[in-house]
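Visitor: I would like a close look at one part of this protein, the salt bridges and the buried surroundings they sit in. Please take me through it slowly, with the values at each step.

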Amino acid sequence: MIRETLIPRSFFIALAVLLLAVLGMSLYAWRMRGHAAGPTASGDTRPVVPPVAGPTERVTLFVAYDDVGVLHAHRLKFRCLRSASNAPRNCCALCWGLYLDKSSPHPLPQGSDIRSVYLVDPGLAVIDMNAAFADGHRSGVLSEELTVASLIQTLSANIPGILRVKILVEGKERENPCWPCRLVQLL
């Protein structure tokens, strides 16, 4: 004689509810996958304007000149550089403001920006660039080296204790041979 086992009706209802929940969460995850990259960049590509009030101090910028292939030191007065918690980024942003100007001696592509500058270990600074900078930068060893040297020299002149600098693009090491991520040891 064959014995029949009965499965309670509540088990089928619970199974159906769980399947609907899994299907609903899958649809939600599929729709949200495009938003996971983070906020979109705004159309405003102008550099940040320095504050108009506060104590001033001297800042040394090493500006690249493409026509002669050298860096020149420029000493400027800037407001509130060291009092801000993001002093390393401010140093680099000052150079960037010069390079994004139409009459720049070392023009950079529009839309390029420094996303952030981190002081990691003692002596290590990490500069994170956006993809527009790396993709639109003029190719050529001299142009690339002048950009990197300008940032490194500006940081090391204004932030004491920096011995090494690593450059990232969008927070990642870049495999593009024109703009590899660099770890530069300062002498």
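Guide: What follows begins with the salt bridges and then turns to the nonpolar core, one helix and the surface. The model is a predicted one, and a search of the whole structure finds three salt bridges. Side chains of opposite charge can pair when their charged atoms come close. One of the three joins Asp-128 to Arg-115, with 3.2 Å between the closest N and O atoms. Because Asp-128 belongs to strand β4 and Arg-115 to strand β3, this pair ties together parts that are 13 residues apart in sequence. The two partners can be set side by side by their accessibility: Asp-128 is buried, with a relative accessible area of 5%, whereas Arg-115 counts as partly exposed at 41%. Arg-115 also forms a salt bridge with Glu-170, where the closest N and O atoms are again 3.2 Å apart. Glu-170 lies in the loop between β5 and β6 (182-185) while Arg-115 is in strand β3, so this pair ties together parts that are 55 residues apart in sequence. Glu-170 is itself partly exposed, at a relative accessible area of 36%. Taken together, Arg-115, Asp-128 and Glu-170 are linked in a network of salt bridges. A further salt bridge is the one in which the side chains of Lys-166 and Glu-173 meet, at 3.0 Å from N to O, and Glu-173 is exposed, with a relative accessible area of 56%.

From the charged pairs we can pass to the nonpolar residues. In soluble globular proteins, nonpolar side chains tend to be buried together. Here the largest nonpolar core has 28 residues, and those with the most contacts inside it are Trp-96, Ile-114, Ile-127, Met-129 and Leu-155. At least two residues of this core come from each of β1 (56-65), α2 (87-99), β3 (114-119), β4 (124-129), α4 (141-158) and β5 (164-169), and α2 gives the most, with seven residues. Ile-127 shows how these parts meet: leaving aside its neighbours within four places in sequence, Ile-127 is in contact with Cys-92, Ile-114, Ser-116, Val-117, Leu-151, Leu-155, Val-165, Lys-166, Ile-167 and Leu-168. Lys-166, named in that list, is the partner of Glu-173 in the salt bridge described above.

Helix α4 deserves a separate check of its geometry. At 1.5 Å a residue, its 18 residues should span 26 Å, and its end C-alpha atoms are 26 Å apart, which agrees. Among the buried residues of α4 are Leu-146, Val-148, Leu-151, Ile-152, Thr-154, Leu-155 and Asn-158. Two of these, Thr-154 and Asn-158, are touched by Thr-60, as are Ala-73, His-74, Arg-75 and Ala-157, not counting residues up to four places away in sequence. Thr-60 lies in strand β1 and counts as buried, at 15% relative accessibility. In the loop between α4 and β5 lies Pro-160, which counts as exposed at 74% relative accessibility. The C-alpha atoms of Pro-160 and Gly-123 are separated by 8.6 Å, although these residues are 37 residues apart along the chain.

The surface has nonpolar residues as well. Ile-7, Phe-11, Phe-12, Leu-15 and Leu-19 form a nonpolar patch there, with about 510 Å² of accessible area together. Ile-7 is found in the segment before α1 (9-32), and Ile-7 is partly exposed, with a relative accessible area of 49%.

Technical notes
Residues are numbered from 1 along each chain as its sequence is written. This is a predicted model: local features need pLDDT of at least 70, side-chain atom pairs count only at pLDDT 80 or more; totals for chains, interfaces and linings use all residues. Side-chain values use heavy atoms; hydrogens and water are left out. Patches are made of residues with over 30% relative accessible area and no salt bridge: like charges are joined within 9 Å, nonpolar side chains (Val, Leu, Ile, Met, Phe, Trp, Tyr) within 5 Å. Accessible areas come from the Shrake-Rupley method with a 1.4 Å probe; for residues, only the protein chains shown count as cover. A salt bridge is a side-chain nitrogen of Lys or Arg within 4 Å of a carboxyl oxygen of Asp or Glu. Helices (H or I, at least four residues) and strands (E, at least two) are DSSP runs, numbered from the N terminus. Buried means under 20% relative accessible area, exposed over 50%, partly exposed in between (1.4 Å probe, protein chains only). A nonpolar core is a set of buried Ala, Val, Leu, Ile, Met, Phe, Trp, Tyr and Cys residues joined through side-chain atoms within 4.5 Å. Contact means heavy atoms within 4.5 Å. The expected span of a helix is 1.5 Å times one less than its number of residues.
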